[in-house]
There are 4 protein chains.
Amino acid sequence: MLVVMGQPATREQIEHVIAEIERHGAQAHSIPGDSRVAIGVTNHHGRISRDQLQALPGVSTIVPITRPFKLASRETRQARTVIQIGDVRIGGDEVVVIAGPCAIESADQAMTIAHAVRQAGARIYRGGAYKPRTSPYSFQGLGRPGLEILARVRRETGLVTISEAVDNESLDLVAEYCDIVQIGARNMQNFSLLTHAGRTRKPVMLKRGMSATIEEWLLAAEYIMMEGNHQVILCERGVRTFAQHTRNTLDLSAVPTVRWISHLPVVVDPSHGTGRREKVTPLARAGVAVGADGIMVEVHHKPEEALSDGEQALTPEMFDQLMWELGIIVQALGRKIEGPAVGYQLRRGLGVTGVFSS
Amino acid sequence: MLVVMGQPATREQIEHVIAEIERHGAQAHSIPGDSRVAIGVTNHHGRISRDQLQALPGVSTIVPITRPFKLASRETRQARTVIQIGDVRIGGDEVVVIAGPCAIESADQAMTIAHAVRQAGARIYRGGAYKPRTSPYSFQGLGRPGLEILARVRRETGLVTISEAVDNESLDLVAEYCDIVQIGARNMQNFSLLTHAGRTRKPVMLKRGMSATIEEWLLAAEYIMMEGNHQVILCERGVRTFAQHTRNTLDLSAVPTVRWISHLPVVVDPSHGTGRREKVTPLARAGVAVGADGIMVEVHHKPEEALSDGEQALTPEMFDQLMWELGIIVQALGRKIEGPAVGYQLRRGLGVTGVFSS
Amino acid sequence: MLVVMGQPATREQIEHVIAEIERHGAQAHSIPGDSRVAIGVTNHHGRISRDQLQALPGVSTIVPITRPFKLASRETRQARTVIQIGDVRIGGDEVVVIAGPCAIESADQAMTIAHAVRQAGARIYRGGAYKPRTSPYSFQGLGRPGLEILARVRRETGLVTISEAVDNESLDLVAEYCDIVQIGARNMQNFSLLTHAGRTRKPVMLKRGMSATIEEWLLAAEYIMMEGNHQVILCERGVRTFAQHTRNTLDLSAVPTVRWISHLPVVVDPSHGTGRREKVTPLARAGVAVGADGIMVEVHHKPEEALSDGEQALTPEMFDQLMWELGIIVQALGRKIEGPAVGYQLRRGLGVTGVFSS
Amino acid sequence: MLVVMGQPATREQIEHVIAEIERHGAQAHSIPGDSRVAIGVTNHHGRISRDQLQALPGVSTIVPITRPFKLASRETRQARTVIQIGDVRIGGDEVVVIAGPCAIESADQAMTIAHAVRQAGARIYRGGAYKPRTSPYSFQGLGRPGLEILARVRRETGLVTISEAVDNESLDLVAEYCDIVQIGARNMQNFSLLTHAGRTRKPVMLKRGMSATIEEWLLAAEYIMMEGNHQVILCERGVRTFAQHTRNTLDLSAVPTVRWISHLPVVVDPSHGTGRREKVTPLARAGVAVGADGIMVEVHHKPEEALSDGEQALTPEMFDQLMWELGIIVQALGRKIEGPAVGYQLRRGLGVTGVFSS
């Protein structure tokens with residue numbers, strides 16, 4: 001930790017800061033600047049906090065030197081985390097595609113979409129039973145009956161399933177019925193829910209908050225991991241900025257950043273990241289190219305009748321096209337992907353190129 | 001609701017949209033533009049949603065005409081809501097000052113600060129027992145013992161008390177021990193918690209989320225009000241922007257905006273809004289001048305030993321000065337404020353002016 | 001300057017950084033952290049730059065200790081800068097109000113508004129002759145004839161005048177016809193224009209860029225001051241954020257921040273800061289309360305016929321009310337303001353209070 | 001255009017708006033909502049502006065239906081614009097790579113880098129002679145001698161050249177010595193410079209402003225095109241957001257958005273977009289995958305001695321690797337790219353895959 005003193009800091013203030021550091025059993029190292037003074041703090045082992053130092057008279061800023069997260073950090077664990085569920089491995093060579101409707105609306109709707117996405121190469125099926133909606137007047141999800149439908153999808157298709165939990169009660173139910181528990185962007189700093197998620201034995205997908213820094217996101221993962229559950233998948237889904245041409249601004253630079261400082265797998269969600277169907281495929285391609293371990297997209301066979309987020313859902317036909325385009329890029333990158341390989345070889349043999357969706 | 005068609009929309013797409021609107025029992029009104037077409041939708045009464053229309057082929061954007069929140073809107077209730085707790089009235093003539101430490105650390109700390117802020121004119125005492133902290137390694141609050149200390153503060157000083165709830169369990173406890181339940185910025189869209197807060201009989205202070213629009217904030221209030229609890233106090237506490245010279249960017253324009261479209265009282269928190277002690281007083285003055293119904297500030301008698309947020313806490317002496325400055329402005333504005341009036345008259349008689357903190 | 005090494009930095013990388021620092025004639029001070037190493041750099045006197053250090057292998061971040069701006073800094077000049085033009089002093093005890101139309105449209109329009117705002121207490125008259133408009137299809141200003149009208153306003157009313165320059169040619173003309181040259185937000189980092197402005201002898205009002213940090217803003221002022229023109233007035237006019245309820249987000253915390261680190265006067269523009277007439281007055285009050293040296297507002301006698309920005313223009317009647325409200329707050333604060341004092345005393349004697357615009 | 005009236009709008013206000021619309025010779029179409037009224041405006045042909053309508057009493061918002069830019073719009077020109085300079089075609093099948101140092105520092109530096117990037121497959125050489133720097137104390141570029149070096153690069157290597165202009169004078173010189181004139185992010189709304197650029201006969205690369213919307217960006221292009229110069233290349237280089245893990249947030253969703261609504265070619269600059277060398281290659285891959293017509297990157301043979309932006313410069317070795325990786329993706333996408341094809345085939349024959357930079 002480094003304490004930077006304000007320019008008009010007095011000799012007494014500097015000495016007081018040094019005395020406080022030493023009083024807490026840490027060591028102080030004074031570094032004179034051209035017009036300011038900085039004081040390095042070592043061996044503090046948490047005995048004196050950033051907040052306490054910041055509050056001392058004359059102090060301008062505190063610069064942390066060590067990262068605040070530990071379990072999520074590559075400094076703690078060099079090897080990349082691979083999460084295995086059945087024969088699906090997230091974080092390894094394969095680029096895993098997660099697909100399904102925004103919300104489970106009925107058994108028919110869910111099964112129709114499940115068969116379509118499975119055939120096209122999706123490995124994991126998504127579908128919300130508990131929907132966090134901005135307005136209380138919007139469709140809030142089917143609840144437990146929705147989870148029962150998800151269990152049937154798993155049984156009948158063999159797909160791994162994921163669904164969102166919005167509080168402790170729904171988390172227990174999602175963990176009972178599904179393979180992966182999702183924590184949504186709005187709950188990324190619902191620390192009570194994160195702690196509860198840390199106590200389940202199921203993998204957790206943690207979406208980045210709408211205005212969360214990378215550090216805050218990894219500290220949210222740390223809350224889960226501290227409880228003993230190290231199976232955390234991160235999901236970049238766009239952040240809120242001044243830009244209004246997409247629903248959120250998909251921050252693809254988060255992927256190499258997270259891969260650089262953490263060992264956790266990271267997935268990209270271009271459906272929420274853009275909010276507009278016609279931009280999902282180009283951004284999914286970009287997500288794979290930037291190095292994501294997976295892509296999560298929303299698919300609906302009748303988007304115009306969807307009870308939520310229909311404007312960002314791909315049709316099954318568009319999803320087929322997406323899988324084909326991802327397949328080409330993934331193979332070029334030397335990674336693996338389910339499904340579209342055969343079609344890819346065929347069409348490539350036929351010289352089909354340059355027909356990507358814009 | 002207005003449906004704006006894309007410029008290359010075909011005649012068929014336009015007719016399909018009109019047919020869909022009418023199929024749901026609403027009326028469609030076509031408005032040709034110079035190069036585009038828009039379609040007004042009336043009498044829909046929720047029978048066809050924005051999402052459904054957005055998903056139709058050829059549709060560019062949907063423009064809502066009616067506000068999405070109802071109970072929180074001045075269109076529903078013209079008279080301003082005044083929330084009365086004992087002899088404190090929030091939302092009326094008086095500008096109410098809420099003060100106290102970030103976190104309850106001990107009975108001694110809490111009582112010392114309580115006596116100091118009460119004497120200076122604070123009407124409500126704040127203090128966290130459950131602290132939502134970015135890092136799991138930071139002090140998380142005393143929990144129930146902290147609430148017991150708050151109960152003692154109320155008993156011994158007569159101050160109204162407020163404390164934050166972070167989940168359903170802590171909300172029940174806060175409602176039992178305190179007068180007002182606070183929902184923090186990170187939980188503004190924790191809809192499960194909002195619904196639970198709507199079922200308590202205690203007033204709820206709802207802080208604006210770090211990147212929440214005004215509409216999202218009022219829809220969060222709507223979740224609480226829908227359960228029958230109409231005693232909601234809004235609190236602007238700064239939003240997240242590119243600007244880094246303050247911890248958050250205090251958006252004071254939110255105050256007249258909210259007062260224009262809603263009847264709920266609105267309070268400003270310059271402590272979180274700036275994150276730096278020396279900026280709290282100027283922004284508190286501005287908060288009163290812009291028309292807020294109250295100001296919430298953090299006070300600590302030993303900021304450099306505070307277990308959280310010490311760098312933004314005022315000392316009791318700084319709080320005295322703040323109350324004096326607010327008193328002058330509030331009286332000039334023709335509103336009322338507790339406490340500093342006498343000192344104000346005295347000092348004014350002595351010609352003390354122009355000594356405001358920068 | 002402090003160099004923070006990445007956690008996996010090797011011994012060789014650390015030694016290489018130290019060697020580079022010393023090779024450039026500066027001194028290196030190694031500070032071991034718990035898991036990282038930081039290296040303090042002193043006596044560098046610009047011999048090695050931040051960029052050069054950042055580029056060395058193993059380096060994580062560079063933390064500057066000394067502020068990058070000098071002439072604009074209070075570290076260079078303790079006394080506040082007061083800019084005198086005729087009998088108007090900006091940066092002293094008086095809160096100066098600048099008012100007038102967005103654009104000069106005709107002599108009649110300009111004179112009508114000038115008489116109205118002068119009578120109400122404005123000291124400086126604003127009006128654009130060169131308008132930087134987002135669209136090339138919008139009204140671009142009258143150009144030189146507009147400046148001639150401004151010269152007539154000055155002659156006939158005695159008001160000090162300000163107008164915006166958009167390139168070197170218009171800057172020379174504005175400096176010839178007006179008392180103060182304005183550089184707009186979009187040109188805040190037009191360094192060629194800043195340098196040219198530094199060579200005029202007229203005071204310059206420098207508006208904050210739409211996404212400029214405080215540091216970038218003061219460095220822009222530094223470009224002007226380096227050429228010998230130290231008469232710079234800063235103007236906060238709102239920044240761009242995700243929030244859409246106002247045209248920009250007025251960042252009032254910039255005022256105490258700038259006053260803390262710089263000696264230059266700072267003015268608040270709530271017209272551009274909010275973009276909506278009904279929010280101008282509350283935010284103007286807040287601007288005065290937060291400590292601004294002046295307020296700049298747009299006034300038009302027929303807003304609905306204004307050729308630009310009519311939706312944010314006050315009518316002369318609204319401006320009268322604004323001046324009255326500001327007068328009350330300014331006097332309470334112990335500062336001075338022109339004009340409304342008499343009316344204020346009269347109305348106060350009559351017990352008129354509590355009738356502020358919301 | 002659609003005028004949405006405020007909820008408390010009176011019958012008189014509504015009639016006044018309709019009368020004003022008709023008085024200007026346009027047609028008004030009233031659309032009653034559940035609780036508000038909207039008025040469609042047709043056949044206005046610019047006779048009544050958005051600003052004028054917005055300023056009328058009772059008006060809440062104005063919703064434009066037709067896009068404000070014309071020449072840059074696909075509604076005006078369906079075919080994509082291809083800009084040909086020598087044998088380089090920007091906007092066609094080929095993905096064009098632009099590479100070179102941030103600033104021209106010396107003939108040696110420039111030529112060394114030019115030979116390296118040409119060999120690796122770059123088609124266009126970049127290098128700044130006029131550098132817009134945040135601080136007046138930073139290296140400002142060599143000026144005209146820098147342009148003479150660029151002319152030599154072109155002569156000796158055959159590379160097309162691009163350099164930034166910062167004012168009218170430098171623009172004339174850049175147009176004289178180079179093939180493409182660049183207008184930087186800070187000058188995107190320097191309308192005087194845009195107009196001047198419209199009068200040159202050279203292609204112009206227009207970088208997106210740090211907080212520019214897509215509409216503002218295209219309107220800036222419109223300023224250039226209105227003067228008769230239709231050879232505009234857009235460049236996404238990151239926008240300013242709360243996120244601090246990269247220097248800017250690269251908004252790759254801008255690429256499909258711009259391609260959807262405009263016919264102009266669009267290039268991605270991951271060097272400024274991330275500001276960190278190790279993130280340039282992953283984001284360049286993503287830029288190609290999302291559909292950009294080109295990539296612009298900074299390369300320096302001795303980044304640690306670069307006079308500006310060394311921390312984001314690739315070494316020639318890293319640039320080789322980048323070209324190889326881009327080559328693989330571009331070929332998979334069915335587009336063309338210069339240079340790395342042979343190496344790609346060779347290595348592919350050798351089974352080299354999966355060795356992408358993270």
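Two strands count as paired here if DSSP finds at least two bridges between them. Strands (E, at least two residues) and helices (H or I, at least four residues) are DSSP runs, numbered from the N terminus. This is a predicted model, in which local features need pLDDT of at least 70, side-chain atom pairs count only at pLDDT 80 or more, and totals for chains, interfaces and linings use all residues. Residues are numbered from 1 along each chain as its sequence is written, while chains are lettered from A and ligands numbered from 1 in the order in which they are written.

Let's start with chain B. Its strands β7-β8-β9-β10-β11-β12-β13-β14 form a closed barrel of 8 with parallel pairing. From one strand to the next, the twist averages 30 degrees. Strands β7(B) and β8(B) are joined by 2 bridges, and I98(B) has I124(B) as its bridge partner in β8(B).

In chain C, 8 parallel-paired strands close into a barrel, again ordered β7-β8-β9-β10-β11-β12-β13-β14. Here too the twist averages 30 degrees between successive strands. Strand β7 (residues 96–100) of chain C pairs with β8 (residues 124–126) of chain C over 2 bridges, and A99(C) stands opposite Y125(C).

Now for helices against strands. Contact means C-beta atoms, placed from the backbone, within 7 Å. Angles run from 0 to 180 degrees between N-to-C directions, with axes fitted to C-alpha atoms, for helices over the stretch in contact.

| Helix | Strands touched or crossed | Angle |
|---|---|---|
| α7(B), residues 214–226 | β11(B), residues 204–207; β12(B), residues 232–236 | about 155 degrees to β12(B) |
| α10(B), residues 277–290 | β13(B), residues 266–268; β14(B), residues 294–298 | about 165 degrees to β14(B) |
| α5(C), residues 168–177 | β9(C), residues 160–165; β10(C), residues 180–183 | about 175 degrees to β9(C) |

Note on methods
Contact = placed C-beta atoms within 7 Å.
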